[in-house]
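User: Please take a close look at the ligand site in this structure and at the residues that line it. After that, go on to other individual residues that deserve a note.

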Amino acid sequence: MKKPIIDPWGAVLFKDYQKIIKNFGITPFDEEILSKLPNPNKLMRRFVVFGHQDLERIVEAMEKKEEFSVVSGIMPSAEKLHLGNRLVVEMVKYFQDQGGKTYLLVADLEALATRGISLEEAERRAIEFYIPAYIALGLDPKNTNFYFQSKNEVVKNLAYEFSTKLTMNEFRAIYGEINAAKIMSVLTQIGDILHPQLKKPMPTIVPVGPDQSCHIRATRDVARRYKKYKFILPSATYHKFTPSLDGEIKMSKSRPGSYISIPEDPETAAKKIMNAVDGGRKTAAEQKRLGGEPEKCIVFEIFKQHLIEDDKELDEIYNKCKSGGLLCGECKANAAKLIKKFMEDFNKKFEKAKDQAKKLF
Ligand code: SF4
């Protein structure tokens, strides 16, 4: 069986987001939908969010102040996040701030089935690291329903119920090679996404990276077929990956060296930025004459996705780089300063959030 180009369990780069849009029935995220979103965040304004499915439904719910939910998950596979993981937190936070009822699940059953991590270990990692990290990155714990898959009977029961709704051929068509552990994980995830609608059908948004599009597809297929609960098809937003520092593949925890982790020693993070691939020319003289190439620059992408909130400031860097008025050394030193500050702030907030996380369960 041919390996699907989208692999939710792997670390693959999709430079060609247009291809993903075409192949997976995703609607491009364009100016029109952007204009309808209240206070769009920087990822939306800068089209780091490149696609969506039925986002209009969420826009409508926000406009009419109707109930909607936002669902996301934590996979406790290691004890560090990487910078790229932050994007999903920013997206969840956006919808939370707009009134979305927020569910953040710990995928401990999936971690057990697909990575052999015990439930006890997954719980420890979630409470000691992941949940405080998500809080430190901006999630409001008071307005978030945190839960463990293994302790959510409703989700588990739904997973069993949904097992009758997808055939093996459909699993293979969506996921390529699949085994029993992955099937269990997929069914549980479908339960996670749909369970907020059990009491009352309501729009649900799931912000994801493109590697998770298979899960959204499987969930929408099940929701469409399962008439009993009158599910509203879940909506999704798709954001680009944060590229690896060498510009080759996305940041991935499975490839040390390709990423800036969260947390990371601020000095180390700064050094990594200084060594990242840039879009500079061979010599300073050439760069002054021709200008740099921010479109090819990982540092610029990190400014855009993570380090600079103000659009004007980002535009200024872009224009100065393009016109040859900015050299990579100076520019990277600025990025290094900002990442250092980000890590220092994170560390402070993380320490505080640890106590909050313990009180949640
Ligand atoms: Fe990238 Fe900055 Fe160099 Fe331009 S000046 S190529 S944005 S590092």
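Analyst: The ligand site comes first, followed by a buried glutamate and then several loop and helix positions.

This is a predicted model, in which local features need pLDDT of at least 70 and side-chain atom pairs count only at pLDDT 80 or more, while totals for chains, interfaces and linings use all residues. Residues are numbered from 1 along each chain as its sequence is written, and side-chain values use heavy atoms, with hydrogens and water left out.

The ligand sits in the largest cavity. A cavity here is a set of points, on a 1 Å grid over the protein atoms alone, where a 1.4 Å probe fits but cannot get out. A molecule sits in one if more than half of its atoms lie within 2 Å of its grid points. Around the ligand are D278, G279, G280, Q287, C297, F300, C321, L326, L327, C328 and C331; a residue counts as near when one of its heavy atoms lies within 4 Å of the molecule. By class, this shell has seven nonpolar, three polar and one charged residues. In that scheme Ala, Val, Leu, Ile, Met, Phe, Trp, Tyr, Cys and Pro are nonpolar, Asp, Glu, Lys and Arg are charged, and the others, Gly among them, are polar.

Within the shell, Q287 can be followed further. Q287 belongs to helix α13, residues 284-290. Helices (H or I, at least four residues) and strands (E, at least two) are DSSP runs numbered from the N terminus. Q287 counts as buried because its relative accessibility is 4%; buried means under 20% relative accessible area, exposed over 50%, and partly exposed in between, with a 1.4 Å probe and protein chains only. Setting aside residues up to four places away in sequence, Q287 touches G280, R281, G292, G324, L326, L327 and C328, where contact means heavy atoms within 4.5 Å. Of these, G280, L326, L327 and C328 are also among the residues around the ligand.

A second buried residue is E90, with a relative accessible area of 14%. E90 is part of helix α5, residues 86-97. Its side chain makes a polar contact with the side chain of K42 at 2.9 Å. Such a contact is a pair of N or O atoms within 3.5 Å; within protein, one must be able to donate a hydrogen and the other to accept it, and residues adjacent in sequence count only if both atoms are side-chain atoms. Beyond neighbours within four places in sequence, E90 is in contact with N41, K42, L43, Q305 and E309.

Some backbone details remain. N39 is not a glycine, yet has a positive phi of about 40°. This residue is in the loop between α2 (31-36) and α3 (42-45), and N39 counts as exposed because its relative accessibility is 64%. K65, also not a glycine, has a positive phi of about 55°; K65 lies in the loop between α4 (55-63) and β3 (69-74) and is exposed at 75%. I262 and P263 are joined by a cis peptide bond, with omega about 0°, and P263 falls in the loop between β9 (261-262) and α12 (266-274).

Lastly, K337 in helix α16 (residues 328-359) is exposed at 57% relative accessibility. K337 and K272 are 65 residues apart in sequence and 12 Å apart in space, C-alpha to C-alpha.

Notes. On a 1 Å grid over the protein atoms alone, a cavity is a set of points where a 1.4 Å probe fits but cannot get out, and a pocket is an open set with protein on both sides within 12 Å along at least five of seven lines; lining residues have an atom within 4 Å of a point.
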